[in-house]
Amino acid sequence: MLIAAVIGLATFAVWFWWIGQPLLFALTLIIIVFVIACLDALGSLAELLK
């Protein structure tokens with residue numbers, strides 16, 4: 001989860017400060033990164049528990 005948080009914050013920083021997109025757009029991308037990372041982590045966990 002720590003890696004997902006770091007990647008999400010990096011995504012926000014790049015899109016908001018470096019590229020200059022609006023705040024709502026950058027927040028949307030950080031939420032998408034968290035959802036994808038958490039679903040991937042849940043999928044990996046499910047495979048380990050089988």
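Which exposed residues does helix 1 carry on the face turned away from its buried side? In this predicted model, that face holds Leu 2, Ile 3, Val 6, Leu 9, Trp 17 and Trp 18. The rest of the picture can be built up from there, starting with the fold as a whole.

The chain is simple in its secondary structure, with two helices and zero strands. Of its 50 residues, 16% are buried. The accessible surface adds up to about 4,000 Å², and carbon and sulfur atoms account for 81% of that.

Helix 1 is a good place to look at geometry. With 17 residues at 1.5 Å a residue, helix 1 should span 24 Å, and the 23 Å between its end C-alpha atoms agrees with that. On the inside, so to speak, its buried residues are Ala 4, Gly 8, Thr 11 and Phe 12. Looking down the helix axis, these buried residues fall within an arc of 95 degrees, so they line one face of helix 1. Just past the end of helix 1 comes Gly 20, whose phi is positive, at about 85 degrees.

Gly 8, which sits in helix 1, deserves a closer look. Its relative accessibility is 0%, so Gly 8 counts as buried; the cut-off for that label is under 20%. Gly 8 also has a partner from elsewhere in the sequence: Phe 34 is 26 residues away along the chain, yet the two C-alpha atoms are 6.5 Å apart in space. Another such pairing involves Phe 12 and Ile 31, which are 19 residues apart in sequence and 9.6 Å apart C-alpha to C-alpha. Ile 31 belongs to helix 2. The two residues differ in their exposure: Phe 12 is buried because its relative accessible area is 13%, while Ile 31, with 52%, is exposed, since the exposed class begins over 50%.

Now for the aromatic rings. Searching the whole structure turns up four aromatic pairs. One of them joins Phe 12 and Trp 17, with ring centres 5.5 Å apart and planes at 85 degrees, so this pair is edge-to-face; an angle over 60 degrees is what earns that name. The two partners sit in contrasting surroundings, as Phe 12 is buried at 13% relative accessible area and Trp 17 is exposed at 61%. Trp 15 and Phe 25 make another edge-to-face pair, at 5.3 Å centre to centre and with 70 degrees between the planes. This pair links distant parts of the chain, 10 residues apart: Trp 15 is in helix 1 (residues 2–18) and Phe 25 is in helix 2 (residues 23–49). Both of these residues are partly exposed, Trp 15 with a relative accessible area of 31% and Phe 25 with 35%. There is also an aromatic cluster, made up of Phe 12, Phe 16 and Trp 17.

Trp 15 and Phe 25 turn up again on the surface. Together with Val 14, Trp 18 and Ile 19, they make a nonpolar surface patch of about 520 Å². Helix 1 gives the most to this patch, with three residues. Among the patch residues, Trp 18 lies in helix 1 and is exposed, with a relative accessible area of 72%. Trp 18 also takes us back to the opening question, being one of the exposed residues on the face of helix 1 turned away from its buried side.

Notes. Residues numbered from 1 in each chain as written. Predicted model: local features only at pLDDT ≥ 70, side-chain atom pairs only at ≥ 80, totals over all residues. Heavy atoms only, no water. Phe/Tyr/Trp six-rings, centres within 6.5 Å; stacked < 30°, edge-to-face > 60°. Buried < 20%, exposed > 50% of the residue type's maximum accessible area, 1.4 Å probe, protein only. Helix = DSSP H or I, 4+ residues; strand = E, 2+ residues; numbered from the N terminus. Expected span 1.5 Å × (residues − 1). Arc of directions from axis to C-beta. Areas by Shrake-Rupley, 256 points an atom, 1.4 Å probe, with all protein chains shown as cover. Patch = residues over 30% accessible without salt bridge, like charges linked within 9 Å, V, L, I, M, F, W, Y side chains within 5 Å. Salt bridge = Lys/Arg side-chain N within 4 Å of Asp/Glu carboxyl O.
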